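Ready for a short set of exercises? Try each task with the model in view, then read the worked solution below it.

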Amino acid sequence: VRGSSLSRPLSSLSIFSASLALPLLHKGTGDVHSLVFGVTGEALVGLASAPARAHRTPDGRLDPWTSGGCGVRLSTGRLLLAPASNANGGVAGKVVTPLRRIPGDRTEYFVHMRINHNEGALSVKVEHPHRRPRGEWVDAGIGLPSHVQPWVCVPAGCSGTSDSAVPVRVRLISSTAHTLSIGPALFRVRGLANMVMEWPQMKQALALAWCESEGVVDVKDLLRDDVRLGEFAGALSLSPAQEHALGLTRSR
């Protein structure tokens, strides 16, 4: 699905919240989904529960996923779990990017989201089109409902930003489903599916076999150890591009 978009000048808008058309994302439509948003102006972009059926958690509270969504707010660099009616409220989550959009900035930022349906997990990456290095993937640290869809919420008057002169434009640039070639076996090593989902089937299988033979249960442990990461890359004969994606630079 490409081309879904929202474009509104804030001078004519108090609060706006909407799902960006299709797709509805759930486990049956792929093990992992990758989304890319283009964002200009001050808006909250991310995911909302779909379909929206309000219900309560076991302790009686309204489940926030059924009354709003979770997204990135570029002026703070944080995730925000917000009610659909007010992106100025909600509960602030973890910082997912060092980038901060300042008032008056008309740059289109790129927000990447990777939804892992098997683990109910979300990873986020934010990029500025003219800055290096590129953004890094960050684990959002939240659990996802079974069905989600792309979502945007525009704060009322962009409170606290003095930025009502910049029109908000959000577009869903791409939505891609990935079916992991060797199925649920990859999930025996936490985070491995996210790392290898775009690799050829043989490389996926080799990555799983190496991790299990070396006792790696979480790829975070691997990525913190340059020596073991180099051994991993060598054993799999990774391409320079694949090594670079892992943050590995080696003399040749």
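**Exercise 1. Find how much area the chain exposes, and what share of it carbon and sulfur atoms supply.**

Step 1. In this predicted model, the chain exposes about 12100 Å². Carbon and sulfur atoms supply 53% of that area.

Step 2. Now turn to the inside: 48% of the 252 residues count as buried.

Step 3. Add the architecture, which consists of six helices and 12 strands. Of the contacts between residues at least 6 apart in sequence, 63% join residues at least 24 apart.

**Exercise 2. Work out which residues of helix H5 are buried, and where they sit around the helix.**

Step 1. Helix H5 covers residues 226-236, and its buried residues are Leu229, Gly230, Phe232, Ala233 and Leu236.

Step 2. Look down the axis of H5: these buried residues fall within an arc of 160°, so they line one face of the helix. As a reminder, an α-helix has 3.6 residues a turn, so residues three or four places apart point the same way.

Step 3. Check what they pack against: helices H2 (192-196), H3 (201-213), H4 (219-223) and H6 (240-245).

Step 4. Finish with the two ends. At the start of H5, a side-chain oxygen of Asp225 comes to within 3.1 Å of the backbone nitrogen of Val227. Just after H5, Ser237 has a positive phi of about 50°.

**Exercise 3. Locate the salt bridge between Glu42 and Arg101, and decide whether each partner is buried or exposed.**

Step 1. The side chains of Glu42 and Arg101 meet at 3.6 Å, N to O. Glu42 lies in the loop between strands E3 (32-40) and E4 (44-49), while Arg101 lies in the loop between strands E7 (91-95) and E8, 59 residues apart.

Step 2. Buried means under 20% relative accessible area. Glu42 is buried because its value is 1%, and Arg101 is buried because its value is 4%.

Step 3. Compare another pair, Asp139 and Lys220, whose salt bridge spans 3.8 Å, N to O. Asp139 belongs to strand E10 and Lys220 to helix H4, 81 residues apart. Asp139 is partly exposed at 28%, and so is Lys220 at 42%.

Step 4. Return to the starting pair: salt bridges that share partners join Glu42, Arg73 and Arg101 into one network.

**Exercise 4. Which side chain does His117 touch in a polar contact?**

Step 1. Find His117 in the loop between strands E8 (109-116) and E9 (121-127). His117 is buried, with a relative accessible area of 15%.

Step 2. Follow its side chain to the side chain of His33, 3.1 Å away.

Key:
Residues are numbered from 1 along each chain as its sequence is written. This is a predicted model: local features need pLDDT of at least 70, side-chain atom pairs count only at pLDDT 80 or more; totals for chains, interfaces and linings use all residues. Side-chain values use heavy atoms; hydrogens and water are left out. Buried means under 20% relative accessible area, exposed over 50%, partly exposed in between (1.4 Å probe, protein chains only). Helices (H or I, at least four residues) and strands (E, at least two) are DSSP runs, numbered from the N terminus. The arc is that of the directions from the helix axis to the C-beta atoms. Contact means heavy atoms within 4.5 Å. A polar contact is a pair of N or O atoms within 3.5 Å; within protein, one must be able to donate a hydrogen and the other to accept it, and residues adjacent in sequence count only if both atoms are side-chain atoms. Accessible areas come from the Shrake-Rupley method with a 1.4 Å probe; for residues, only the protein chains shown count as cover. A salt bridge is a side-chain nitrogen of Lys or Arg within 4 Å of a carboxyl oxygen of Asp or Glu.
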